[in-house]
Amino acid sequence: MLDLPDARDRMVEVQLSRRGIHDREVLEAMREVPREAFVAPGFEEFAYEDGPLPIAEGQTISQPYIVALMIEMAEIGPGDHVLEVGTGSGYAAAVISRIVERVYTIERHAGLAETARQRFEELGYDNIEVRTGDGTKGWPDAAPFDAILVAAGGPGAPLALQEQLDVGGRLVIPVGDEPHDQRLLKVTRTGAATYSEEDFGGVRFVPLIGEQGWPESGSRTADRRSGPARTRSLPEMIAAAAEPLPDFDDPAFGELFDRFGDPRVVLLGEASHGTSEFYRARAAITRRLIEKHGFTIVAVEADWPDAAAIDRHVRHRRSRADADPPFQRFPTWMWRNTDVAAFVDWMRQHNERIRISSRLAGFYGLDIYNMSGSIGAVLQYLDRVDPQAAKIARERYGCLTPWQHEPSTYGRVALTSGYEKCEQAVLEQCRELLAKQLDYAQQDGVDFLDATQNARLIASAERYYRIMYYGGAQSWNLRDTHMFETLEHLLE
Ligand code: SAM
């Protein structure tokens, strides 16, 4: 069974308080009014979700946060007389009625107005008057109002509503150039004929339809003298901001990205599992950044030891003799594809032309998953530079050996008694390797970086697989942190 009062409390805490609604009377009123009594039958279980819900006549009951925000913006208090335009379900009027002396609410659909009236009666909310009609003309015989809230978006703030404000009164209204795209405005009557205006950002309400709103069809012929012109629709904004691109095989394509040449780090797309077109566009941008702007690090969402094999190839270094072929792990197509191969070839040729080692472009993997590849790489490195240390490392990593190929089972096993956690061992190994930097790095700084990064990866992966067993966000955060720190090490 759903515990609706509990869900309501949670909604107030999570959706309102934490998002910056601080007016205690508003929060109290939102805690008091049962939103489930205002949603369409069958939608009760969704009453406290963070969004608008459909009601009759193709209309909506507004998102709880927007209701609270508008009421807070209106700065209402006990003793106030408030007009609401767009009764809809009646929910916002009900919340307002818990704070002020009297609420007047107008709805253009008679059926909605009648249902709302019945709800108020059933709940015993007897300080609300409902009327059917065009709310853009206001409610002259009950004016002036301390506040007017309009729950539908118009082309401007209707003059009739502005004139029905008391001096000092506040009109809160979504206003926009398009019927479904608005800015939330607060218009305050500062004197007999003076008003000030504040903008509270973009919102999306159903259209305000009436004499001083949009015509029934929703066309643009409404009288806009009543208020300022506002923003364009979302597709129009995208169209205005978008720039046509030449084909990405055309050299002119890369030139368009010269504007990103100065920053130290450029992030390229999160569509990295995408189409061939995306891969080729990404390669064209990267080539330009390397060639014309001196970038030297290509850091990708791939496992470190696998990317290291590519790095050796593109920087003309010898490959590791006994290493497994790179990129065998799911999803293999992410990096083992012809578009990446063409880009890797280009990097190798570019480095051949450059020849100055500090200016060679490298290819690095930020990701954490190939623990067994990393163990192999650290051991092989130590075998070469310090066989005694390699023996100790073998013992330490031996703790993880049974799980190397199925590391996701390690978390479960690490929990059960009798199994040693490998954390201590892998951390010690990582620390020891770093402590030997002066000795080892003299032999080959690049190989040392590779080995330490593998040792770090093993330590992160050991934790990752343990935490992953519990599920949740922690393991993702650990992986992201590892990727970020790897990038920092590369930049250093
Ligand atoms: N406050 C409502 C609630 O809590 O459920 C949500 C209202 S809904 C977003 C907007 C309502 O405004 C719709 O029911 C629509 O029919 C009404 N409306 C649009 N233009 C109107 C007008 N000129 N006069 C009165 N109501 C209007």
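This report describes backbone geometry, the ligand site and several residue pairs in a predicted model.

The structure is a predicted model, in which local features need pLDDT of at least 70 and side-chain atom pairs count only at pLDDT 80 or more, while totals for chains, interfaces and linings use all residues. Residues are numbered from 1 along each chain as its sequence is written, and side-chain values use heavy atoms, with hydrogens and water left out.

## Backbone geometry

As general background, most residues other than glycine have a negative phi, and most peptide bonds are trans. Against that background, the peptide bond from Ala143 to Pro144 is cis, with omega near 0°. Pro144 belongs to the loop between strand E5 (128–132) and strand E6 (145–150), where helices (H or I, at least four residues) and strands (E, at least two) are DSSP runs numbered from the N terminus.

Glu57, a residue other than glycine, has a positive phi, near 65°, and its place is in the loop between strand E1 (53–54) and strand E2 (60–61). Glu75, also not a glycine, has a positive phi of about 50° and is found in the loop between helix H3 (64–74) and strand E3 (81–85). Glu57 is partly exposed, at a relative accessible area of 45%, and Glu75 is partly exposed at 48%; here buried means under 20% relative accessible area, exposed over 50%, and partly exposed in between, with a 1.4 Å probe and protein chains only.

## The ligand site

There are 28 residues around the ligand, of which Glu84, Ser89, Glu107, Gly135 and Ile209 come nearest; a residue is counted as near if one of its heavy atoms lies within 4 Å of the molecule. This shell divides into twelve nonpolar, twelve polar and four charged residues, where Ala, Val, Leu, Ile, Met, Phe, Trp, Tyr, Cys and Pro count as nonpolar, Asp, Glu, Lys and Arg as charged, and the others, Gly among them, as polar.

Polar contacts to the ligand (pairs of N or O atoms within 3.5 Å) include the following.

| Ligand atom | Protein partner | Distance |
|---|---|---|
| nitrogen | polar backbone atom of Gly86 | 3.1 Å |
| nitrogen | polar backbone atom of Arg108 | 3.3 Å |
| nitrogen | polar backbone atom of Gly135 | 2.8 Å |

The protein covers 99% of the 600 Å² of accessible area that the ligand has on its own, an area obtained by the Shrake-Rupley method with a 1.4 Å probe. The elements that give two or more residues to the shell around the ligand are E2, E3, helix H4 (91–97) and strand E4 (102–107).

## Pairs of residues along the chain

The remaining values relate separation in sequence to separation in space. Asp23 lies in the loop between helix H1 (4–16) and helix H2 (24–32) and counts as partly exposed at 24% relative accessibility; its C-alpha atom is separated by 9.6 Å from that of Leu69, with the two residues 46 residues apart along the chain.

Arg312, found in helix H10 (residues 304–314), counts as buried at 10% relative accessibility, and the C-alpha atoms of Arg312 and Gly362, which are 50 residues apart along the chain, are separated by 8.4 Å. Glu395 in helix H13 (residues 387–398) counts as exposed, at 64% relative accessibility, and Glu395 and Ala425 are 30 residues apart in sequence and 8.8 Å apart in space, C-alpha to C-alpha.

Thr188, whose place is in strand E8 (residues 181–189), is buried with a relative accessible area of 15%. Thr188 and Glu462 are 274 residues apart in sequence, and their C-alpha atoms are 60 Å apart in space.

Key: Polar contact = N/O pair within 3.5 Å; in protein donor to acceptor, adjacent residues only side chain to side chain.
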